[in-house]
Amino acid sequence: MSTQNSRAALKLRNATPQDIPALIELSRRAYPGFAPYTPGMIQGQITTFPDGQFVVEYDGTIVGHAASFLIGEDIAFKRHSWEEITGGGYAARHDPNGDWLYGMDVCVDPSRRRLRIGQRLYDARRALCEGEGLKGILFGGRMPGLGKRRKDYPDPLDYIQAVRDKKAVDPVVNFHLRAGFVPEMIIERYLPDDAESSGCASLMVWRNPYASDEVEKGSLTYGQKETVRVATVQFQQRMISSFEDFISNVEYFVDVCADYRCDFVTFPELFTLQLLALSPKRLSPAESIETLTSYTPRFVEAMRNMAISYNINIIGGSHPTRTDDGEIQNVAYVFLRDGSVHAREKIHPTPNERYWWAIQGGDEVATISTDCGPIGVLVCYDSEFPELARRLADEGARLLFVPFCTDNRQGYLRVRYCCQARAIENQLYVVMAGNVGNLPNVENMDVQYAQSAILTPCDFPFARDGIAAEATENVETVTIADLDLTDLAWARAQGTVQNMRDRRFDLYKTVWK
């Protein structure tokens, strides 16, 4: 008799970025009264602490999810809200040297709750805690029966005791108690919108019996390098004779950077305005934009083919594009070597762009997943708005690319100083690429000023002046640098300053529509 093997129906594994859409849908099903995670929040959790994010699959469908991060005891046992302790849902308070595992969320598909999925997720956390030698696990536990019984139990601790004594029924509290967690204290306004729990949570604690009295996590070391090689092209505007001539100029630089085995090559903002030199007559601003948008399909296809054939990720500067709703936007196209194309709109058009070209601002800021981790792209003026870079950093970006186009030194320095600030305050790398040269018959491209640069945070592992590399002013050239991403992890965890971790989530936050 032949036997046939069948794969296991239930599978527990770590979450990946590919799971993000399914996890958002799962949170909608599990908690219908609450706002679900955004894609950026889950991306931030996975990037920040991949070992602490678990999912359970049932016949290939994700039916359970647990998110967690490491935190120090001094912070974990202070009164806090869910927003504060999780850094707005991004796991931004993660501390690689933390001695406690904090559970920020567990959700289970309501139609699969008899499969002990929650227990599997809690067991996975416990195994992680024991394997890492942590002191224990803690989280803010919901009490969904408290809201209806608050008059009977003004003190929520009495309510928990009543559940323990079988005088009240609360399946969530019961589950936590059975799992070996002990209520440490009550946190008022932990989740203010959780009416079922009267906004309260119990700080539930499980102490690892295998941890020594003094858990020594040790200092982060530089260890194995995680190096990314980036290049920035300081591109000269010049007269050309055809679209193919323009693409040939671009391909030259892509070829050079590929020969140096760069992971990324970055072109400047609006570098495609060179195509306007093909016009036999001087164009008005409106005519210029219409002419440029007609090149969009050919430009995208040519750049995509280059990224694939040269095996390099291309930050394709930016190109004016007419969107589906009829607006003209300044769009940065990113061409990955896997053949995918991503568009990121400039959020803040400059007064000049609005006046001359009627360019409208975009409405989405999000990271792009690459084979070197999540990256962010901000087009020129956008780098002068710190909220945008902070959102990308929270979503896990460690590389921020800034294509820019400035016509004088003052304009350039505004972008340069702000990019350096973004590198310091978000503890990430910033890659700038600008235009040089001139196109006398093209509006707004008469003259250019640039000194492209690759910038770092200012701390001991990095370049002395926070500059990994920079180009000579106003000369067409390529600048290349190797960037070690593990240095960023060290700086965020135990650098001289720790901007990302030391934010006061109890005082302020940025709310996105």
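A disulfide is taken here as a pair of cysteine sulfur atoms within 2.5 Å. By that criterion, the predicted model holds zero disulfides.

Two cysteines help to show how this comes about. For cysteine 458, the closest cysteine sulfur belongs to cysteine 419 and lies 13 Å away, so the two sulfurs are too far apart for a bond. Cysteine 458 is partly exposed, and its relative accessible area is 43%. Cysteine 257 has its closest cysteine sulfur in cysteine 262, at 4.8 Å. That distance, too, is over the 2.5 Å cut-off, and therefore no bond is assigned between cysteine 257 and cysteine 262. Cysteine 257 is buried, with a relative accessible area of 0%.

Turning from the cysteines to the packing of helices, one pair invites a further look. Helix H13 spans residues 386–394 and helix H14 spans residues 409–426. The axes of H13 and H14 come within 10 Å and cross at roughly 40°, which means that H13 is oblique to H14. The crossing of H13 past H14 is right-handed.

The residues that bring these two helices into contact can be picked out in the model. From H13 come Pro386, Ala389, Arg390 and Ala393, and these meet Arg422, Glu425 and Asn426 of H14. Sorted by class, the contact of H13 with H14 is made up of three nonpolar, one polar and three charged residues. Pro386, Ala389 and Ala393 of H13 count as nonpolar, while Asn426 of H14 is the polar member. The charged residues are Arg390 in H13 together with Arg422 and Glu425 in H14.

Notes. Residues numbered from 1 in each chain as written. Predicted model: local features only at pLDDT ≥ 70, side-chain atom pairs only at ≥ 80, totals over all residues. Heavy atoms only, no water. Buried < 20%, exposed > 50% of the residue type's maximum accessible area, 1.4 Å probe, protein only. Axes fitted to C-alpha atoms, helices over the stretch in contact; angles between N-to-C directions. Helix = DSSP H or I, 4+ residues; strand = E, 2+ residues; numbered from the N terminus. Parallel < 35°, antiparallel > 145°, perpendicular 65-115°, else oblique. Left-handed = near helix turned anticlockwise from the far one by under 90°. Contact = heavy atoms within 4.5 Å.
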